[in-house]
Amino acid sequence: MSAATATELARRLRARLGASAVVTDEAARRTYECDGLAHYRTVPALVVLPESAEQVRTVVRECHEAGVPWVARGSGTGLSGGALPHADGVLIVTSRMRRILSIDLANGRAVVEPGVINLAISRAVADDGWFYAPDPSSQSVCSIGGNVAENSGGAKCVKYGFTVHHVTGLELCTSEGELIRIGSWLAADAPGYDLTGLVVGSEGTLGIVTKVVVRLLRRPEQVTTLLAGFPSMAEAGAATSALVAAGLVPAAVEMMDALAISAAEQAVACRYPEGAGAVLIVELDGPAVEVAEEEWTVREVFADCGAIEVRRAVDEAERAEIWKGRKSAFAAVGRISRNYIVQDGVIPRTSLASVLASIDELARAAGIRVANVFHAGDGNLHPLVLYDETVPGELDAALSVSGAILDLCLAHGGSITGEHGVGVDKMAKMPRMFSADDLQTMQLLRCAFDPPGLANPGKIFPTPRLCGEPPRPRSAESAPGIHQGIEIW
Amino acid sequence: MVTNAASLVRPADVAGVVDVVRSAGAAGPVGRTLTIQGAGTKAAWGGSLTAVDIVLSTTGLTGVVAHEPGDRVVTVRSGTPLRELQETLAAAGQRLCVESGYDDATIGGVLASGEAGPLRLRYGSGRDLLIGVEFVRADGVVARSGGRVVKNVAGYDLGRLLCGSFGTVGVITTATFRLHPRPAASAWVVAAGVRKDALLSPGGLPPGGLADGAGTRERAAIAVLADIATMVPSAVEGNLDGPDDAGEVAVLVEGSPAGVAARARTVQALMADQLAGVDVAVVAQPPSWWGRYPFGDGDIGLKLALPVTAVPVVLATLHERFSALLTVRGSLGSGVLYAGLPATVDVRLLTDALADVRAWLAGTGGSVVVVTAPPSIRDGLDLWGEVAGLSLMRRLKAQFDPAGRFTAGRFVGGL
């Protein structure tokens with residue numbers, strides 16, 4: 001937008017929202033230039049911090065009238081650039097919308113504003129014995145609105161599912177500035193299309209949520225956490241497969257390799273089993289009798305697969321001790337490498353061993369180190385590709401390895417993202433996973449929700465679709481090749 | 001409801017589906033309309049079709065495409081009977097936690113109608129377990145979303161649009177699901193001879209609406225739900241059929257043999273305590289009504305999707321108005337229940353009851369939907385009630401099927 005438009009928009013929004021809600025100063029705007037994926041940076045033309053749904057609507061309406069794009073941002077912890085601002089647009093920050101509006105334990109629901117921190121929900125109901133299940137690693141700082149946008153997972157989604165399974169309703173501000181309630185709120189199965197399920201995971205491209213209705217669960221009777229050290233990733237991988245074969249559905253199955261362990265050790269002194277080439281963390285929860293039985297099954301599997309040491313935590317302090325290394329792993333890698341790329345890809349669980357071996361080969365061939373930290377239970381890899389930006393050529397080598405890992409995931413029938421989202425980071429990979437028809441079909445959804453294309457434009461899809469264009473059958477010959485998108489980008 | 005004039009086509013593969021859809025679109029400026037049908041078990045569900053020239057049967061699209069037990073994932077063609085799929089999966093010690101009230105239902109039909117059985121309490125419904133889908137659009141384009149891995153957030157999840165869409169968006173051709181291990185042991189804790197007044201809150205709908213905090217009075221059978229939640233029941237079902245003292249509540253517990261035995265005993269004790277004077281037994285088989293709709297061909301069937309605290313009040317209200325004509329079954333645990341009424345019921349009474357209950361639920365997200373009714377009654381009823389987000393749904397339909405070729409009239413708002 002032009003400087004004149006920005007000035008006028010800022011003036012109008014100040015008049016409606018108050019001066020403190022509108023940020024125009026360049027240095028202040030610059031603090032919002034990126035989200036958790038810091039190598040994409042764009043200073044937004046304007047930053048607005050609304051305090052209520054009505055204020056969000058005001059901002060969106062003004063943007064709609066002026067034809068100005070906008071991007072929603074929660075805590076800015078996203079790892080795919082989903083909240084990367086638009087240079088000519090407004091950044092709508094939800095951090096002042098942190099009220100838990102209601103808690104209804106009898107119906108197992110809470111209604112919260114989008115800026116509420118994930119962990120705050122579980123904390124609010126903990127004394128009554130309830131919790132909110134999705135637990136991304138950033139749960140102490142990430143917002144529920146951001147979780148909705150990204151359909152966030154976490155360590156326990158192998159058993160409990162993702163954000164989409166725990167959100168029953170939304171208040172949505174459409175890009176035309178209409179506040180609508182969708183979904184089943186305190187009930188289940190709203191009649192009509194599952195609009196809530198479509199909005200969750202749409203990365204802020206279908207509107208901005210102003211209220212979120214989350215499902216609350218009763219805390220399990222027993223939680224047991226086991227930590228096992230293995231000689232190498234091969235044994236830990238075999239143990240993961242054996243747990244599945246034994247018919248177990250643990251709450252979490254997490255794996256770290258030697259490099260990740262050594263980084264965590266240096267950062268937080270987690271004291272994982274000495275000499276371990278890999279560790280597995282398995283958390284079991286549920287009725288006490290069954291958790292006890294399952295623990296023995298897990299211990300047998302560990303022993304059969306050559307575990308060198310097994311530890312057990314049953315109280316919160318011991319559990320925190322075990323999880324400390326895993327939860328700090330991403331940041332800890334900063335101790336052993338100047339720079340690193342956090343990758344997020346998914347493979348079928350049964351391909352684990354072969355994919356890990358291939359990642360090792362890729363890294364070796366490129367002369368790059370890769371630390372592996374991942375949700376083994378659902379095949380969600382988080383390889384950390386290490387490099388030093390001051391060494392010429394290392395960044396390129398790291399990017400190339402990181403990209404090749406995603407190709408590897410796709411070659412095994414997997415996905416380019418399990419929980420971090422596409423954002424701007426993986427748009428170019430979308431045509432490798434989906435055909436041009438698939439991507440064009442997905443964008444029909446966007447055209448229904450956001451015809452002017454003002455909600456977080458330039459994300460997810462490498463080739464945006466113009467909504468005026470009616471869908472037509474096309475012959476196979478005229479369909480663009482699936483690699484065309486990559487050439488364009 | 002399909003007219004006799006419509007022609008039935010049964011393509012054998014996706015290319016065949018594309019041909020049918022394309023040729024329907026090419027037939028003159030208006031084109032022809034299609035309705036999509038699996039086994040036809042729910043052909044009488046939804047609104048009356050305004051027009052149908054072609055019935056596109058998916059029953060030629062059958063079989064498992066891929067099943068990798070180690071990944072707990074299966075890809076299956078949409079015309080495959082759910083029962084057949086379950087048999088295949090059972091051989092590998094696995095199951096798909098999606099159920100139908102009809103024995104012959106196909107995968108595609110269960111997804112498109114949004115059917116879910118007792119297990120929904122613990123596992124959700126089809127849309128929660130569907131991880132990838134392939135479908136044919138109204139213009140004949142084949143599209144996919146999701147994938148073959150259980151965790152995946154790449155792109156929009158179009159499966160969410162198709163599930164519960166009653167065939168108004170596209171023809172589902174292939175579905176990929178997340179699976180679960182079959183439990184080693186199962187037990188049903190059944191309370192029989194529950195007096196209806198232990199389940200219901202009589203006295204009509206409290207003044208005001210539920211969203212305004214109008215009192216919901218917890219009844220024993222509902223209160224027991226909170227107590228047994230930590231025993232992780234897979235299902236909590238109720239059956240109110242016949243005489244006032246013949247209600248039943250049944251809780252399914254699944255897991256290891258020792259675990260199930262212990263939990264079933266705990267649930268039994270808690271239920272016996274809450275439902276004083278009632279016989280509570282632990283049995284190895286489900287009651288005969290388990291997972292069955294309380295309505296048959298030609299009856300009126302309602303789906304009540306309620307906040308669980310509203311269940312006693314809403315059921316009591318319907319019971320007071322229809323007394324012995326009303327039968328109710330479903331998930332007390334998740335608040336999704338079905339009610340059956342004979343077609344001879346006073347339609348004005350039904351219209352009033354729907355309006356009153358819907359008004360009382362306003363703002364809570366709860367709904368009462370007329371799932372099925374004879375055509376003569378159906379066309380005079382508001383089948384869906386007020387639908388949140390209907391204008392967005394109209395826009396979705398306009399994007400995916402601008403000519404209104406698929407299943408016109410059957411869905412919310414006449415879509």
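**Exercise 1. Count the salt bridges, then pick one apart.**

Task: How many salt bridges does the structure hold over all chains, and which parts does the pair A:Asp285 and A:Lys159 tie together?

Solution:
- Step 1. Over all chains, this predicted model holds 43 salt bridges.
- Step 2. Let's zoom in on one of them: the side chains of A:Lys159 and A:Asp285 meet at 2.7 Å, N to O.
- Step 3. Now place the partners. A:Asp285 sits in strand E14 (residues 278-286) of chain A and A:Lys159 in helix H6 (residues 157-160) of chain A, so this pair ties together parts 126 residues apart in sequence.
- Step 4. Check how covered they are. A:Asp285 has 8% relative accessibility, so it counts as buried, given that the cut-off for buried is under 20%. A:Lys159 comes out at 27%, which means partly exposed.

**Exercise 2. Follow a salt bridge from chain to chain.**

Task: Where do B:Lys303 and A:Asp189 lie, and is B:Lys303 buried or exposed?

Solution:
- Step 1. Start with the pair itself: the side chains of B:Lys303 and A:Asp189 form a salt bridge of 2.6 Å, N to O.
- Step 2. This one crosses between chains: B:Lys303 belongs to strand E15 (residues 300-305) of chain B, while A:Asp189 is in the loop between strand E9 (179-183) and helix H7 (195-199) of chain A.
- Step 3. With 14% relative accessibility, B:Lys303 is buried. A:Asp189, at 11%, is buried too.

**Exercise 3. Try a pair within chain B.**

Task: How many residues apart in sequence are the parts that B:Asp382 and B:Arg358 tie together?

Solution:
- Step 1. The two side chains, B:Asp382 and B:Arg358, meet in a salt bridge at 3.7 Å, N to O.
- Step 2. B:Arg358 is in helix H11 (residues 347-361) of chain B, and B:Asp382 is in the loop between helix H12 (375-378) and helix H13 (390-400) of chain B, so the parts they link are 24 residues apart in sequence.
- Step 3. B:Asp382 is partly exposed at 45% relative accessibility, whereas B:Arg358 is buried at 16%.
- Step 4. Salt bridges can also share partners: A:Glu8, A:Arg11, A:Arg12, A:Arg16 and A:Glu62 are joined that way into one network.

**Exercise 4. Look at where two domains meet.**

Task: How much area do domain 2 and domain 5 of chain A bury between them, and what is the salt bridge count there?

Solution:
- Step 1. Find the domains: chain A is divided into five pieces, including domain 2 (105-218) and domain 5 (435-489).
- Step 2. Their contact takes 12 residues from domain 2 of chain A and 10 residues from domain 5 of chain A.
- Step 3. Together they bury about 950 Å², with 69% of it on carbon and sulfur atoms.
- Step 4. On the domain 2 side, A:Ser175, A:Thr205 and A:Leu206 lose the most area, together 55% of what that side buries.
- Step 5. The salt bridge count between these two domains is zero.
- Step 6. Keep an eye on confidence. Chain A has a mean pLDDT of 92, but residues 470-489 of chain A stay under 50. Where pLDDT is low, don't read the predicted coordinates in detail.

**Exercise 5. Test a helix length.**

Task: What should helix H1 (residues 14-26) of chain B span at 1.5 Å a residue, and which of its residues are buried?

Solution:
- Step 1. H1 of chain B has 13 residues, so it should span 18 Å.
- Step 2. Its end C-alpha atoms are 18 Å apart, which agrees.
- Step 3. The buried residues in H1(B) are B:Gly16, B:Val17, B:Val18, B:Val20, B:Val21 and B:Ala24.
- Step 4. Among the elements covering them are strand E1 (7-9), strand E7 (130-136) and strand E9 (171-178) of chain B.

Terms used: Residues are numbered from 1 along each chain as its sequence is written. Chains are lettered from A and ligands numbered from 1 in the order in which they are written. This is a predicted model: local features need pLDDT of at least 70, side-chain atom pairs count only at pLDDT 80 or more; totals for chains, interfaces and linings use all residues. Side-chain values use heavy atoms; hydrogens and water are left out. Helices (H or I, at least four residues) and strands (E, at least two) are DSSP runs, numbered from the N terminus. The expected span of a helix is 1.5 Å times one less than its number of residues. Buried means under 20% relative accessible area, exposed over 50%, partly exposed in between (1.4 Å probe, protein chains only). Contact means heavy atoms within 4.5 Å. pLDDT is the predictor's confidence in each residue, from 0 to 100. Domain bounds come from an automatic or database domain assignment. Buried area is the accessible area (1.4 Å probe) that two parts lose on being put together, summed over both. A salt bridge is a side-chain nitrogen of Lys or Arg within 4 Å of a carboxyl oxygen of Asp or Glu.
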